[in-house]
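This report looks at how the parts of one model pack together, beginning with the cores and then turning to an interface and a single residue. Please keep the sequence and the structure in view while reading.

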Amino acid sequence: MKPAAFTYHRARDVEGAARLLAELGDEAKVIAGGQSLVAMMNFRLARPQHLVDIGGLTGLGGVRTDADGGLHIGALATHHAVETAPREILGPGFAVIRDAMRWIGHLPIRTRGTVGGSLAHADSTAEWCLLAVLLDAELVARGPYDGERRIAAADFFQGYYTTALEPEEILVEVVFPRPAPRAALTEFAERRGDFATVAAAVDLELAPGGTQLSAGRVALGGVSALPVRVPEAEEVLARGGQPGPELFAECAATAAESVDPPSDGNGSTHYRRVLIRTLVERACEEAMAR
Amino acid sequence: MTDTTHQPRQQQLISLQVNGEHHELLTEPRRTLVDALRHDLRLTGTHVGCEHGICGACTVLLDGQPVRACLMFAAQAEGSEIRTVESLADGRQLSDLQQAFSEHHGLQCGFCTPGFLMLAEGFLAERPEASKEEIREVVASNLCRCTGYQTIVEAIDDCATRRRAALRSQLEGNGPEHTGPEHTGHQDAGHQNESNSETGPPRAACEEDRCGSTTRSR
Amino acid sequence: MTAQHSRTPADGPWIGASVGRREDPRLLSGNGRFTDDLELPGMLHAQFVRSTVAHGTVTSLDLTAVRQVPGVVAAFSAEDLAGGGGLADITARLGRPLTEFVPTGMPVLARDRVRYAGEPLAVVVARDAYAAEDGLEAARVTYETLPAITSEEQALAPGAPLVHDEASANTLLDVSMFATEGIDETFDEAPCVVRVETRTGRQNALPLETRGVVASWDHREDQLLLQTSTQVPHQVRTTAARCLGLDERAVRVVVPDMGGGFGQKCVVGREEIAVGAAALRLGRPVKWIEDRKDALSASFLAREQHYDVRAAFDSDGRILGLDASVVCDMGAYSCYPFTAGIEPLMASAEMPGVYKVPAYRVRARAVTTNKAPTAPYRGVSRPQYVMVMERLFERAARELDLEPTEIRRRNLITQFPYTGVNNVTYDPGSYLESLNLCESVLREEGWYAAKEAASARGRHLGIGYSCFSERTGYGSAAFAQRKMEVVPGFDISEVRMDTSGALVVTTGTMSHGQSHETTMAQIAADELGLDIAKVRIHQGDTDRITYGWGTFASRSIAIGGSAIRLAAGKLGEKLKVIAASVLEVPAEELELGQGAVRRPADGSSVPYEELADIAYLKSHLLPKDVEPGLTATATFDVFNDGTFSNATHGVVVELHQGTGQVEILRYVCVEDCGVAINPQVVEGQTRGGIAQGIAGALFEQVTYDEHGAPSAVSFMDYKVPTALEIPEISIHHLETPCAFTETGAKGVGEGGTIGAPGAVLNAVNDALLPTGVELDDTPITPETVVSALEQTP
């Protein structure tokens, strides 16, 4: 399984890469970690005539927090770099992000795969995509001439492997604006490390006093072409009340009934609904336990 | 290549740093790293098992980290330090990790073995204090069809245990000027499944003597 | 290398010791030499144009554009290679009438008819593997499609299109056997009759190293050299010679290091021969390495079977009769040499297994479908029929309100030798002992109590067993009953001692992970009292080995190892004779040990080096009538029904209601393979086999759409378990030595795979007991478990 031939370009900087994409048009693709792209190229399912390698660009691999407590992750940060980032930078406020990394494939995939690559690839079961949707992330893109464009996660994922990125744009950063100390992401696949059949993430907010829920966000991956928030399930959490097994079960059941998951080789619609119930409940419990 | 230059489609000149040696290669851009290592550099210890990043037979170290050489083009590895299985032994003297694999019968046909060795080598360098469960989780990165994995996990665990013991005795013998390796805050990766330790008798009771299995005495 | 755990002979015998492996240093250091590691000057690379339809006729095959692709050197269809009378089909036959078995010819390259998606149509040869694949894309093939037969039901439906015109009802084998008199009455009158109908999913033996070959012409030897990853080098030689129109002497097969086989490589592949033809035509070496996509979709598959079996029991739980139908989906062609009969015949001949079954009737069929052909895969039908037998006993146990282990106890063979209703005579084993020990381990560890406690908390734990035997060491007598065209069975070993007193041993077996370079050396070293470091094993070279059958059917140690011991023994006699003349004492007073011939009476000895010096370099000192040189040859064969290893597997599972995941909490195996030459190796074979058995029970399956396109083309679809899916396995050993192998060893390579599916399936069903749902098909998917648990009243 050898890939089709292509011309290789190594970008020196982001603007240069973007200009090259603009110049080469449809037949060019960006390669960073390549963990999705090279596999598809080996199957000849993807056959770009040009590859623009941005893997060597400096300044895009960092993880930092800003003055407002927001988390900035460079698009070229590997999953493993996030997983092992120092706690002073990736602290308990964003533990959900650190903990989600262990779900991504296996270690040798995480050492090469990048945050930006995962977001730009837009697989609906991808953990980064789910996190971005759950936590209202901002995706920062740069084009050949215009400087930066900030795209809200809710607008970024547009369909099956489709994002709002223009063909000549390069993702440079993802920003998680506010900490989510009571959030969790969990998923299920037949084998550990496989793409999730269903993934669920929740972010809980407690009312002042810390014993009652005031609001919550629920996001699901693998149930449609893009990761989605489930407002009906979030309403259950927003009603407030005692966080606990009953509330979480109701939230989970509502989530399962409010979406229309597909039926395919990995599971029927009914089975996916069962998974949604299980995983939303589990995510709520894990989030609460933080 | 350092510029956004357009090279002819046919061949490009790249330099690779492999096992401490510098190599210049003339290859097609689409030449994967594993093929460049195996066929251009004749380092055939790294194997090809799937060419889509799942089996891990192609695992090598890139700047100290385990990566899938089938999921990289050789050109992407320019500027990095690559280590393959050929770098482990010192002449004919096998490394402690290789010896542990042999002692525990962690290989049968040997096809997956170089990938597991480099996976373990990279992982233990970053996580020398890894628990057996963490090791098992990392071993799940690669496929083996012969061993059932148990002896691979045991070999790596044994090697890690001995390295820690050797380090401790070094520290005890030599005083405070020797310090252990720095770790970044690597999260203890948990286990996907919902096994509950209350479900049954603790497995640790069996681990030590392998529940009566008699490998060395009858 | 320093990794060896060699022990000086003074420490005692090598047999029974977990000696470090001779294979390890090179494999660990990346110095193994596998087929893809080989590189010859001027070598080209081949890939295959393959059918994209599962069933049809090729209306045109145009390779013109292929030959224009940069880097492509040649492209050959069947027609292109047929010149000079070459490229005969690979045809496997059985000595049975056409009413029982229909042979099929498998063309090296398909001509006008294609019978499975992925069937090779043409070979493209290029300067590297990348260009070869570029070439494939330029092939222009048109087909007239025919309806694809993708299931047993479709194959057997009246009026179904025929996969082979000569095989009516798409049936390649239809054999009814045994039919004990009065069996119908037995069933009519029995107080308890249970039935199991099960379908098992198609699987891929999936060695991590795919198939491959490097073919080259050796000018000096006037030979086609095929360096290929095969378990059966002599079969490849014969078939290649036949297909290519060469004398057998003009073909040499050499086997490099092999990255596993598991049976997928114990049949002759067509691509290897096509590449040989290309190498001959081009006069240059040609390499073909099967890529993973082809290995998953177009290589030899196995295990798709349908059982419909009834068992009759008396009110005490004793089995009265077994009435079975087995239908195996054998894909598009018979494989050589075993034929499409291998799976159904194995199932029907051996189903009663470890139990005393007084009456038996079975109808065994092989159907042909538009899928990649079936080759033997570790265990061959035994994983399936053991599963069926163990399910039958569980069902009867429930009906008769007996403990599952108790009903088995009442039926296990305990008196040996035992000749079963299937006309097989079973040599001594420890069936009952293994069951008892396995159960006691699980009880003492508290799993039964744990199961009850968990159940009270709404969790779903289950405990399941499988108790079974594994026929090993099939000799020519047993194989002759199969009526194969070639009758495997014996092995020939030649030993040669050189002037340094070191030993070279040949074997006709072919290790592909089983550690024979070590275990067979242990046998030879023991026989001659030599340090094992002085023993080298040679295998896998048809020029160097007189003749060999290769490694399959767990035959190597039982038969190959016995031949080695006999040959070493003969050499030992010659050494004694020479030493006797040196010491001037009768040879009867001498024995072998510690690298010398010794006289216990006074401690005198002559080291082997000295005897070798005489035999080679001072032959004038040899006794009269003793020829120069130190070599000996011996054969070994088995003339009875073989020797039976046995085991009991005990498994504890938890079914997770929210996801359907089947988690294996505990796995205990009590196995008996007679004398274990190397206990660590035995455990390795057992664990690896169990992992494959679990894979078949829970994870792996090849399915097809209605057009016959296979679903599994990557490791995303075909789910090989990782270390997180395979539990730690505790292994306990019993030892019931074989009375007729030279070492007391029985085979053990397949036992793990045979026992695992039944034990896992029984454990899952035990956990499902409260639901009233029983699962009989494999693989069991999480969704199936969820559906079953949803029916909890």
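## Cores, interface and a buried histidine

Of the 201 residues in the largest nonpolar core, Phe101(B), Leu322(C), Met351(C) and Ile694(C) touch the most other members; such a core is a set of buried Ala, Val, Leu, Ile, Met, Phe, Trp, Tyr and Cys residues joined through side-chain atoms within 4.5 Å, where buried means under 20% relative accessible area, exposed over 50%, and partly exposed in between, with a 1.4 Å probe and protein chains only. Helix 11 (residues 382–400) of chain C gives the largest share of this core, nine residues, helices (H or I, at least four residues) and strands (E, at least two) being DSSP runs numbered from the N terminus. A second, separate core has 45 residues, among them Ala85(A), Leu171(A), Phe176(A) and Ala183(A).

The model is predicted, so that local features need pLDDT of at least 70 and side-chain atom pairs count only at pLDDT 80 or more, while totals for chains, interfaces and linings use all residues. Residues are numbered from 1 along each chain as its sequence is written, chains are lettered from A and ligands numbered from 1 in the order in which they are written, and side-chain values use heavy atoms, with hydrogens and water left out.

Between chain B and chain C, 73 residues of the former are in contact (heavy atoms within 4.5 Å) with 81 residues of the latter. The buried area, which is the accessible area (1.4 Å probe) that two parts lose on being put together, summed over both, is about 6600 Å² here, with carbon and sulfur atoms giving 53%. Six salt bridges are counted between these two chains, each a side-chain nitrogen of Lys or Arg within 4 Å of a carboxyl oxygen of Asp or Glu; one of them joins Glu728(C) and Lys132(B) at 3.2 Å, N to O.

His512(C) lies in the loop between strand 22 (503–506) and helix 16 (516–528) of chain C, and this residue is buried, with a relative accessible area of 6%. Its side chain takes part in the following pairs, for which a polar contact is a pair of N or O atoms within 3.5 Å; within protein, one must be able to donate a hydrogen and the other to accept it, and residues adjacent in sequence count only if both atoms are side-chain atoms.

| Partner of the His512(C) side chain | Distance |
|---|---|
| Gln231(C), side chain | 3.4 Å |
| Met510(C), backbone oxygen | 3.0 Å |

Leaving aside neighbours within four places in sequence, the contacts of His512(C) include Cys109(B), Met258(C) and Phe262(C).
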